[in-house]
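Please open the model in your viewer and keep the selection tool at hand, for the tour below moves from one selection to the next.

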Amino acid sequence: MTLRLRLFALVAVLVTLTVVLVTSVVASSARQAFATLDAQRTAAIAAQIRREFAVQQDQIAQRLERIAASDTVQRTVTELGRSTADPARHVGDAGPLAAAQGLDFLDLVDDRGKILSSAQTPARFGYRHPAWADGGAAAPATPAALLQRIDLPSEHAVGFIATRTVTAGDHRLYVIGGRRLDDQFLAALVLPEGMRVRLYRDGDPATDAMRPLAARVRQTRQDAHERIGGGDGVESVAAIPLSGHDGEVLAVLLIASSDRELSDLMSRIRWTGVLAGALGIALGCGVSYLVASRVTRPIESLVDAVRDVADGRWNVDPPATDASGEVGALARSFARMTAQLSEQRDRLVQAERVAAWRELARRLAHELKNPLFPLRITIDNLRRAKALAPGEFDEVFDESLGTLTTGLASLNTVVARFSDFARMPVPEFAEVPPNDIVRHALKLFDAQLAAADRPPIRVASDLDASVEPIEADADQLGRALLNLLLNAIDAMPQGGELTIRTRRAKGGVRIDVADTGEGLTGEERARLFTPYYTTKQHGTGLGLAIVQSVVADHRGRIWVESEPGRGTTFHIELPQSHETHMS
Amino acid sequence: MRLQTKRIPTSFFVGVALAATAGAQTPPAPADLVGDLAARILALVPPGARLALTRADDDAGEPIDRDLASRLAARGLRIVAADANPAATVTVGCGANLRERACVADVRRGDARDTVSAVAPYARPTSSAPDARVVAIEATPLFRQRDAILDVAVLGDRLFVLDPSALTLYRRAGDEWQRVDSRAIAARAPWPRDMRGRLRVANGIDAFLPGVTCRAPIEFTSLSCADQREPWPLAVENAGLAGVRNAFQTPEGAPFFSAASLDAAAEAHSAIVDGTGRVQLIDDARKPVATIGEADDVASITAACGGVYLVASGGPTDDKAADTLRVWRIVRQRAAAAGTPMPVAGTVTALWAAEGARVATAVVHDSAADRYEAFQIRLACDR
Amino acid sequence: MRRFRFVWLAIASAPLAAAAVHGARAQYGGTLRVETRANVHALDPTATPLDRVDAAAARRIESLVFDTLTHVDPAGGLRPRLATSWESDRGGARWRFHLRPGVALHDGTALEAWQVAAALRAVSAGWSTSIDGDAVLIESQRPRPELPWELADARFAVAVRRSSSSVVGTGPFRLERIEASRIILRAHDACWSARPFLDAIEIMMGRAGAAQLTDLESNRADIVDVSPADARRLTDHGLRVITTRPLQGYALVFEPHKADAASDRLREMFAGSLDRSAIANVLLQGRAEPAVALLPSWVSGYPEAFAGRTLTRTAKAADRLPPEQRTVSLRVDSADPVARLIGDRIAVDAREVGFTVTVQAPAGLAPRPDVRLVRITLDANIPTLVLARLVAELGPRALSLATAEQPPPADAPLAAALAFERALLQGSMIVPVVRVPDLYGLADGVEAFSGEPVDATGTWNFANVSLHAAARSRGRP
């Protein structure tokens with residue numbers, strides 16, 4: 001990580017920590033304030049609901065009184081006292097009475113507890129009223145309307161129910177009625193913005209998030225408070241159990257206060273923190289950038305320069321030499337060092353060049369010396385043969401002519417090779433399959449390898465059929481391969497294994513030629529591609545130079561892997577197009 | 001007679017209950033079906049077997065049909081109680097559908113169950129005339145007086161009027177009756193509250209009163225009364241009225257208040273008003289075969305176009321309301337209304353008719369006018 | 001002298017009516033205004049509307065316009081009508097019906113034997129008809145000893161077809177016109193059974209129950225349909241209500257998926273939970289009768305206990321069933337208010353013994369129910385014919401699920417009819433509940449010269465109806 005980045009990171013962390021801390025403190029305070037306000041509002045609504053309950057109970061009691069005093073009920077209880085009473089006459093009485101008084105439930109029950117008429121379940125006439133379910137002789141007296149469960153055919157309802165008794169002689173008629181407690185009842189309440197009230201009864205098909213809270217309250221029979229997340233956001237829900245006269249929880253009142261305001265405020269606080277943090281970070285970036293630039297730029301320049309030098313680009317401009325302080329001193333030292341290195345490299349190059357020319361001259365002298373020696377001997381022989389008889393002189397003269405001709409041809413060959421190396425032809429590129437070139441080159445050595453008088457050399461060709469054609473000069477490439485194959489064979493005088501392999505390379509092809517000869521030392525490896533450098537007794541030493549030149553013309557690269565005693569492997573990579581380089 | 005109409009609410013429930021009751025308590029098997037039914041049962045149960053005989057609707061222990069039981073016993077079956085481990089249980093039920101009267105018996109022997117039936121189709125109507133025969137009640141006022149009238153009898157231009165204290169002879173003089181003679185009726189014991197009396201005029205004049213029978217020659221020269229209880233001339237054999245009662249008794253001891261004979265189409269002997277006010281049809285053996293309603297009195301009149309009709313009097317629960325006279329035609333033990341009911345201006349205190357007669361006598365007490373009026377009741381056929 | 005305090009009652013076998021009394025003779029003239037819920041768009045004995053209520057109303061009206069050869073007497077027995085007598089030979093495969101002479105059709109022409117034969121041939125319930133002088137011969141391949149009873153059915157009324165859309169009859173009234181919601185009948189002056197008292201009958205159709213009651217109470221209608229729950233209201237207001245014998249039955253019919261042996265106990269317990277007495281006597285205000293058999297005794301001739309059985313009602317009986325069998329869905333006809341009342345009570349009764357019951361009264365598609373409350377029509381005829389019609393009404397599927405037995409032929413003995421009815425009810429696939437009568441409210445001034453305006457078997461006896469003076473003055477429609 002660069003210094004600049006480190007500085008930037010440090011500044012960012014500091015700014016962030018500060019912003020987070022401040023934001024948390026503010027948010028916590030806001031949350032507390034909202035909780036307090038929410039509790040106050042919930043308590044107020046609960047009180048309002050209780051007052052509304054009390055009003056409902058009073059109304060129900062009054063309406064039941066009216067029903068009990070009505071002509072219909074009075075007539076009913078009187079008729080029931082007769083021996084000729086016909087209950088069927090009254091089975092439809094409760095419905096109109098309930099409708100007239102706005103009650104949801106109304107049962108007329110005789111003194112044996114049998115339902116005479118029911119507004120909510122007309123078909124239940126004749127059955128025992130639930131208030132007599134335990135076999136009691138009389139219904140519990142409920143002058144005030146109490147919360148009770150009412151079993152209906154399709155649901156279990158909850159409502160305020162009161163009872164009135166109407167007496168005529170020895171006969172009694174019980175008037176049991178009330179109103180349903182449901183969400184409609186609660187709809188009449190006036191609630192602050194963001195608050196809602198729901199009534200949860202057993203069996204309600206509510207599947208929303210409040211159900212577990214309601215269930216818990218039913219079990220514990222105690223108030224509870226919880227924050228519940230839903231589709232519209234989080235709500236703060238207070239659950240109050242509503243119990244019947246026997247203590248059983250019949251319904252749960254859920255007062256929900258939307259946390260939207262709090263959420264909005266928290267969101268604003270959060271966003272403010274984020275913005276502040278971003279601004280701080282940005283500011284920190286700027287500051288750190290300015291600070292760092294004064295410090296890190298010279299160092300980076302130095303680093304770049306070092307990298308260039310490492311890559312061999314010695315002509316790098318001395319960086320930041322005019323910088324002050326340690327950085328400037330470092331830059332100036334670096335500049336001096338690169339200058340010295342460049343000078344030394346030039347001297348080295350010159351020396352190598354001189355050494356190469358010396359080597360070339362030595363090799364050339366050596367090559368030329370061989371054919372020149374017999375030429376000198378032959379001239380000496382001719383001089384001496386002048387003293388011989390004409391017939392003998394002719395014989396010696398013809399023999400000498402042949403030797404001179406052969407020697408001159410050799411000289412010609414050396415010169416030609418030298419000339420060839422100095423003036424390699426321009427390659428003519430065409431699409432050629434590398435495998436075909438390899439096969440062709442191998443074929444040329446078939447006879448040589450099959451000769452019985454030499455130790456066997458096993459040829460293993462591993463040619464990848466998926467290798468695609470490349471743009472190459474088939475002749476030159478073939479000559480290069482021939483040289484490599486020849487070197488490999490020459491490296492295994494005792495026999496061995498010659499392996500030639502082709503593979504797809506990125507953007508081209510790779511050709512490996514490996515032998516199991518004696519291998520090369522480090523010095524030999526270093527000078528392998530120097531013209532006229534050879535480890536063989538014969539040869540011009542130009543083969544690998546030519547190979548290198550061909551590879552270079554094809555924009556490829558060649559390198560060797562070898563260790564003494566382990567054989568040698570030449571690797572050639574050639575691009576598909578001669579206009580691209582193999583990297 | 002036209003009266004102020006009054007809507008009398010009906011109680012179908014009670015009617016259905018009665019009908020249901022009448023249906024539930026299916027009467028004993030009709031005599032003509034018992035034999036056939038017994039034969040079919042005997043074909044399934046071997047002689048000597050122990051047989052339990054029950055009724056289809058017998059939950060409260062109604063008596064089984066004795067006739068059927070006796071026939072089965074006579075053929076060798078032993079009739080036992082249902083809980084006495086019988087070899088077979090026979091459940092009998094009788095009724096009638098639109099085509100026939102029927103008795104059905106369910107015979108269970110172990111797991112086997114067979115059902116047999118005996119039916120008696122109704123006779124096919126012989127007349128091809130339209131079946132709409134309607135009669136109308138014609139009530140002709142005969143006589144009125146303030147004192148109670150028990151019965152009146154017309155003989156030519158003479159009218160005999162029986163009241164609790166005397167038998168009086170009137171002779172027609174134009175549109176009125178002129179009193180001719182009156183003979184006191186002496187009775188030792190006080191008359192009953194619900195006083196009833198009947199006149200029979202044939203070769204002489206017979207007056208039947210509770211515990212007293214008076215006789216006079218046709219010339220009405222004298223009247224002799226004796227404290228003796230004689231059978232009254234009713235459609236049903238009786239021992240007369242006891243001194244302090246208003247009901248008659250059959251030889252079997254069953255009380256009845258009124259009786260009227262029926263013709264063959266009724267497939268019953270006569271109709272009586274029993275001790276609870278129900279009008280029952282009884283067979284020759286004086287066994288009830290059907291209940292057709294309720295009434296105070298009944299009398300049978302032969303209509304001008306033929307056929308015997310049952311006239312019944314009665315009224316609603318309110319004593320102040322008027323009575324009505326209704327006409328039924330009894331066919332195959334079922335009663336069909338045969339005319340429009342006729343209201344009367346008061347309560348009918350007596351309704352008498354001789355057997356086969358074409359007229360009946362009705363006495364009506366108009367409490368508002370404080371008088372009794374006797375009418376001659378006829379049935380006119382309008383179609 | 002009144003000896004007892006009792007309620008003056010009508011005869012058990014005849015419909016009840018208040019003793020509204022007019023001692024005067026019946027008066028001619030006037031238009032009788034009748035209202036009904038049903039909708040009848042054509043009067044043709046050979047056509048049957050799909051809706052049962054409409055079909056029953058059509059038959060009632062057609063009985064005023066067309067005559068059958070024979071007629072079932074509500075008191076029992078078969079009466080002559082267009083045929084004065086009849087006899088059969090060859091075991092009942094060939095019948096000869098002697099036609100009443102001097103019968104005039106509504107268009108004034110005389111009814112001829114060939115017309116009667118053609119009318120019966122048009123119905124063609126498996127017979128061939130021919131004439132022999134003034135007699136109509138009916139021959140069938142199989143013996144039909146009960147053919148005279150069959151011919152009493154309104155389907156076999158003699159309707160003489162004048163054109164593809166015009167039929168005439170011989171009844172006391174002729175059809176003047178049929179409108180979308182009204183039928184006008186006019187008195188047939190030359191009716192063989194004598195001209196009716198009324199000049200015309202106007203039948204308003206498609207009237208809702210509440211509207212009919214209002215019209216009756218405000219004197220805008222003379223005779224209206226009444227439901228059992230409303231009959232008491234009319235009688236309390238002093239209006240008359242005519243009740244026929246129970247002619248409509250309600251029965252539970254279980255669906256095929258509840259016909260398997262595994263559901264035997266479920267059906268039995270569900271049937272056992274019924275409180276028929278409460279339905280008949282309280283819910284339907286005593287205007288119905290509990291039914292344990294399909295046929296009432298006045299149709300069958302034997303007590304209902306022979307054919308059906310009253311299962312014992314046991315508290316919490318359903319607790320002995322597997323939980324998945326305790327839930328039952330009951331479907332009732334949403335257009336039948338009486339069925340809804342009964343269905344609600346059945347549900348309450350079943351819940352009391354432990355079932356969980358949902359009542360469906362859908363107007364459209366709904367999930368398949370477990371059991372249906374169906375309405376069946378009882379004819380006034382012999383038991384075998386009534387059973388055959390009843391089985392046809394229930395459908396072949398219900399029959400095949402209830403029993404493998406086939407309905408007995410018309411001439412089968414009574415015991416065979418009993419055995420078949422018993423077999424139908426044995427497995428509790430079909431459970432009779434109650435029977436309800438037809439109820440009619442009568443306005444003041446409507447009198448019947450003979451019998452009641454509607455007889456015990458539901459036949460409209462309007463030929464014998466006369467209007468009191470006040471109603472008569474309303475005149476022609």
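Bear in mind throughout that this is a predicted model. Begin in chain B by selecting strand S21(B) together with strand S22 (residues 324-331), and you will find that the two run antiparallel and are joined by six bridges. To find one of these pairings, select B:Leu310, whose bridge partner in S22(B) is B:Trp328.

Next, add strand S20 (residues 297-302) of chain B, which is likewise antiparallel to S21(B) and is joined to that strand by six bridges. Here B:Thr302 stands opposite B:Val308 of S21(B). Following the chain between S20(B) and S21(B), you pass through the five residues that separate the strands of this hairpin, and in the turn B:Gly306 has a positive phi of about 95 degrees.

Now colour S21(B), residues 308-314, by accessibility: seven of its seven residues are buried, so the strand is largely enclosed by the rest of the structure. Both of its faces are covered, with B:Val308, B:Leu310, B:Ala312 and B:Gly314 buried on one side and B:Tyr309, B:Val311 and B:Ser313 buried on the other.

For the last stop, select helix H2 (residues 31-42) and helix H3 (residues 66-74) of chain B, whose axes come within 9 Å and cross at roughly 40 degrees. The two helices are therefore oblique to each other, and their crossing is right-handed. Show side chains at the contact, to which H2(B) contributes residues including B:Val34, B:Leu37 and B:Ile41, while H3(B) brings B:Asp67, B:Leu68, B:Arg71 and B:Leu72. By class, this contact has eight nonpolar, one polar and two charged residues.

Definitions and conventions:
Residues are numbered from 1 along each chain as its sequence is written. Chains are lettered from A and ligands numbered from 1 in the order in which they are written. This is a predicted model: local features need pLDDT of at least 70, side-chain atom pairs count only at pLDDT 80 or more; totals for chains, interfaces and linings use all residues. Side-chain values use heavy atoms; hydrogens and water are left out. Axes are lines fitted to C-alpha atoms, for helices over the stretch in contact, and angles run from 0 to 180 degrees between N-to-C directions. Helices (H or I, at least four residues) and strands (E, at least two) are DSSP runs, numbered from the N terminus. Angles under 35 degrees count as roughly parallel, over 145 as roughly antiparallel, 65 to 115 as roughly perpendicular and the rest as oblique. A crossing is left-handed if the near helix is turned anticlockwise from the far one by less than a right angle, and right-handed if clockwise. Contact means heavy atoms within 4.5 Å. Ala, Val, Leu, Ile, Met, Phe, Trp, Tyr, Cys and Pro count as nonpolar, Asp, Glu, Lys and Arg as charged, and the others, Gly among them, as polar. Buried means under 20% relative accessible area, exposed over 50%, partly exposed in between (1.4 Å probe, protein chains only). Two strands pair if DSSP finds at least two bridges between them.
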